[in-house]
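Colleague: I would like to learn how to read helix packing and residue environment from a model. Could we take one feature at a time?

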Amino acid sequence: MNPERRIHLAKAARPAYDALDAFARTVGTIAQDAGIDERLKELALVHSSQLNGCAYCVRVHVGRAVAAGVTADEIAQLATWRESGVFDDRERTALELAEAYVHIADEGVSDELYDRVGGVFSEAEYVALSWLFISINAFNRLTIAGRYPVPPLPRPAG
């Protein structure tokens, strides 16, 4: 089945998509209220989307990450964050937690990781990050299953 023939799930069941969108907005408010800044949030959402192979969500969240002050180098370093020195302890811990949520069936959130996260983030921050990961994983599945297109962006003139 080619992408043009796929059912657009968000349009075919608009109330379900609207509920998912409202959920994501609620989760965003929870994250903001917990003190999760936009930079940290977007780094974690880009990384989750990369791991899930969701080109559509990577594009959306890279744009938001750039708007939050994340550099092109930092975005490029996400794939090798363990070896890179560009991320601080909070960012590194959030990226590791993102991986646990993407690969939740493998081990869940291990006790070791849970304890490490607790040494870096408050309970409210952990809760907020967890809901952010639950939300982005849902959106990744929606857009991957629907094969949302990601056409090339216009190249800057010059």
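**Reading the packing and the surface**

Colleague: In which sense, left-handed or right-handed, does helix 6 pass helix 8?

Modeller: Helix 6 passes helix 8 in a left-handed crossing. A crossing is left-handed if the near helix is turned anticlockwise from the far one by less than a right angle, and right-handed if clockwise. This is a predicted model, in which local features need pLDDT of at least 70 and side-chain atom pairs count only at pLDDT 80 or more, while totals for chains, interfaces and linings use all residues. Residues are numbered from 1 along each chain as its sequence is written, and side-chain values use heavy atoms, with hydrogens and water left out.

Colleague: At what angle do helix 6 and helix 8 pack, and how far apart are their axes?

Modeller: Two packed helices are described by the angle between their axes and the distance between the axes. Helix 6 spans residues 89-102 and helix 8 residues 111-120; they pack at about 150°, with axes 10 Å apart. Helices (H or I, at least four residues) and strands (E, at least two) are DSSP runs numbered from the N terminus. The axes are lines fitted to C-alpha atoms, for helices over the stretch in contact, and angles run from 0 to 180 degrees between N-to-C directions. Helix 6 and helix 8 are therefore roughly antiparallel. Under 35 degrees counts as roughly parallel, over 145 as roughly antiparallel, 65 to 115 as roughly perpendicular, and the rest as oblique.

Colleague: Which residues make the contact between helix 6 and helix 8?

Modeller: Helix 6 contributes Asp89, Arg90, Thr93, Glu96, Leu97 and Ala100, and helix 8 contributes Leu113, Arg116, Val117 and Val120. By class, this contact of helix 6 with helix 8 has five nonpolar, one polar and four charged residues. Contact means heavy atoms within 4.5 Å. Ala, Val, Leu, Ile, Met, Phe, Trp, Tyr, Cys and Pro count as nonpolar, Asp, Glu, Lys and Arg as charged, and the others, Gly among them, as polar.

Colleague: How do helix 2 and helix 9 pack, and which residues meet?

Modeller: Helix 2 (residues 14-34) packs on helix 9 at about 155°, with the axes 9 Å apart. The two are therefore roughly antiparallel, and helix 2 passes helix 9 in a left-handed crossing. Among the residues that meet are Tyr17, Phe23, Val27 and Ile30 in helix 2, and Trp131, Leu132, Phe139 and Leu142 in helix 9. By class, the contact of helix 2 with helix 9 has 16 nonpolar, one polar and two charged residues.

Colleague: What is the angle between helix 3 and helix 9?

Modeller: Helix 3 (residues 38-52) and helix 9 (residues 123-145) pack at about 40°, with their axes 10 Å apart. They are therefore oblique to each other, and helix 3 passes helix 9 in a right-handed crossing. Lys41, Ala44, Leu45, Ser48, Ser49 and Asn52 in helix 3 meet residues of helix 9 including Phe133, Ile136 and Asn140. The contact of helix 3 with helix 9 has six nonpolar, five polar and two charged residues by class.

Colleague: Ser48 appears in that contact. Is Ser48 buried or exposed?

Modeller: Buried means under 20% relative accessible area, exposed over 50%, and partly exposed in between (1.4 Å probe, protein chains only). Ser48, in helix 3, counts as buried because its relative accessibility is 0%. Leaving aside neighbours within four places in sequence, Ser48 is in contact with Ala98, Val102, Phe133, Ile136 and Asn140.

Colleague: Where is Gly53, and is it buried or exposed?

Modeller: Gly53 is in the loop between helix 3 and helix 4 (55-67). With a relative accessible area of 55%, Gly53 is exposed.

Colleague: Which residues does Val109 contact?

Modeller: Val109 lies in the loop between helix 7 (104-107) and helix 8. At 23% relative accessibility, Val109 is partly exposed. Apart from neighbours within four places in sequence, Val109 is in contact with Leu97, Ala100, Tyr101, Ile104, Tyr114 and Tyr126.

Colleague: What is the phi of Arg147?

Modeller: Arg147 has a positive phi of about 50° although it is not a glycine. Arg147 lies in the segment after helix 9 and is partly exposed, at 42% relative accessible area.
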